[in-house]
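Subject: The structure we talked about

Hi,

Here is the structure I promised you. Have a look at it first, and then read on for my notes.

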Amino acid sequence: MTTANQQFASDNYSGVCPEAWEAMARANQGHDRAYGDDQWTARAADHFRALFDTDCEVFFAFNGTAANSLALSSLCQSYHSVICADIAHVETDECGAPEFFSNGSKLLLGRSEQGKLTPAAIREIALKRKDIHYPKPRVVSLTQATEVGTVYQPEELRAVSDTCKELGLHLHMDGARFANACAHLGLAPAELSWKTGVDVLCFGGTKNGMAVGEAILFFNRDLAIDFEYRCKQAGQLASKMRFLSAPWVGLLENGAWLKYADHANRCARLLAELIGELPGVELMFPVQANGVFVSLPPAALEALKHRGWLFYTFIGVGGARFMCSWDTSEARVRQLADDIRTVVIGAI
Ligand SMILES: *Cc1c(COP(=O)(O)O)cnc(C)c1O
């Protein structure tokens, strides 16, 4: 496998991990039932129930935008609102899909601190108005790991969840990088989800090493009523569902999901260590998951692009974002760090 073309713009620049690929090949044996009635879909759902140690409802969608939007729409009436961080993916990167699929539920934005929504921000929004003219707060949406590579600690999750209970709000978790959060904290998935009051989790597969696919886990099963119809109506019911579900079996059956998340996190930490002390380089957030956000002189950013590096500068709060993925090579991290060193020294 070539690593020479590896980039750090996004963790979805990577390809498919061998476990997911091999499970797709295993699923590709002759015929099986369609629309999720196949053995692979049943097995994948059972793997999730075992991994989370609870009898949750499991659904599979093609991508995170659909998973988040459909999950939120199942928690909300159109006149409800969703409290989320100002930099939440559901707000900034889903093209209004949560509002669209919920027929108008409004997102209300709380100021984030290191990417995280706080109980104080939630309380302020939820208690601001009680009258009929305000969209009634119904859900809090958290992103774990956050858009800026930080991770909610269990006690932070518990504090948010206690606030939700007190205020009568459901709790949704955008877990596009949930695996990275588990790897960082070294805690079981249950500890970071239903045991801390999460009602619905969207568990990301794509960034974890699959070609395509997210799982939607309803720990509060009452909220999953008719969810299959939402998926179908939204164009998210795969007819050859086994190819969306089998890769999950590959990722979950022997712990590859956690191994790869841990690898990506380690690569991010390595990059942070290699560049963190350089003059002109400022790490913008603690590096806890698989992303490194750095503030660099504009001339250095330009020089880095000239050297062929691709990276985003529009995520979260600006700066350059470097994401590591399941297959990031350490050598490539070192090359990037070397180039960053060269360009910042040239720029100051
Ligand atoms: C990548 C990502 C998603 C999913 O995005 P899609 O492109 O729709 O698959 C959701 N939330 C966060 C925080 C993400 O980073």
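Between them, domain 1 and domain 2 bury about 2100 Å², with 60% of that on carbon and sulfur atoms. Before I go on, please keep in mind that this is a predicted model. On the domain 1 side, the residues that lose the most area to domain 2 are Val 148, Arg 177 and Asn 180, and together they make up 22% of what that side buries.

As for where the domains are, domain 1 covers 16-253 and domain 2 covers 255-344. Their C-alpha centres are 26 Å apart. Domain 1 puts 28 residues into the contact, and domain 2 puts in 24 residues.

What holds charges together across that boundary? There is one salt bridge between domain 1 and domain 2. Elsewhere in my notes I have Lys 259 in a salt bridge with Glu 19, where the closest N and O atoms are 3.1 Å apart. Going by the domain bounds, Glu 19 falls in domain 1 (16-253) and Lys 259 in domain 2 (255-344). On top of that, 10 residue pairs are in polar contact between the two domains, counting pairs with both residues at pLDDT 80 or more.

Which elements of domain 1 give two or more residues to the side that touches domain 2? They are α1 (18-27), α8 (178-185) and α10 (242-253). The most comes from α8, which gives five residues. By type, the residues on this side of domain 1 split into 15 nonpolar, eight polar and five charged.

Now the ligand, which may be the part you want to click through. Around the ligand you will find Asn 63, Gly 64, Thr 65, Asn 68, His 89, Glu 94, Thr 143, Glu 147, Asp 174, Ala 176, Arg 177 and Lys 207. A few distances to go with that list:

- Thr 65: an N or O atom in its side chain is 2.5 Å from an oxygen atom of the ligand.
- Gly 64: here a polar backbone atom sits 2.9 Å from a ligand oxygen.
- Arg 177: an N or O atom of the side chain is 3.1 Å from an oxygen atom of the ligand.

Arg 177 turns up twice, then: it is among the residues surrounding the ligand, and it is also one of the domain 1 residues that lose the most area to domain 2.

Two bits of backbone geometry caught my eye. Most residues other than glycine have a negative phi, and most peptide bonds are trans. Tyr 35, however, has a positive phi of about 55° without being a glycine; Tyr 35 is in the loop between α1 and α2 (39-52). The other case is the peptide bond joining Gln 144 and Ala 145, which is cis, with omega at about -10°. Ala 145 belongs to the loop between β4 (136-143) and α7 (154-167).

Last, back to salt bridges: the whole structure holds 18. One that is easy to find joins the side chains of Arg 26 and Glu 22, at 3.0 Å from N to O. Both residues are in helix α1, four residues apart, which is about one turn of the helix.

Cheers

Key
Residues are numbered from 1 along each chain as its sequence is written. This is a predicted model: local features need pLDDT of at least 70, side-chain atom pairs count only at pLDDT 80 or more; totals for chains, interfaces and linings use all residues. Side-chain values use heavy atoms; hydrogens and water are left out. Domain bounds come from an automatic or database domain assignment. Contact means heavy atoms within 4.5 Å. Buried area is the accessible area (1.4 Å probe) that two parts lose on being put together, summed over both. A salt bridge is a side-chain nitrogen of Lys or Arg within 4 Å of a carboxyl oxygen of Asp or Glu. A polar contact is a pair of N or O atoms within 3.5 Å; within protein, one must be able to donate a hydrogen and the other to accept it, and residues adjacent in sequence count only if both atoms are side-chain atoms. Ala, Val, Leu, Ile, Met, Phe, Trp, Tyr, Cys and Pro count as nonpolar, Asp, Glu, Lys and Arg as charged, and the others, Gly among them, as polar. A residue is near a molecule or strand if one of its heavy atoms lies within 4 Å of it.
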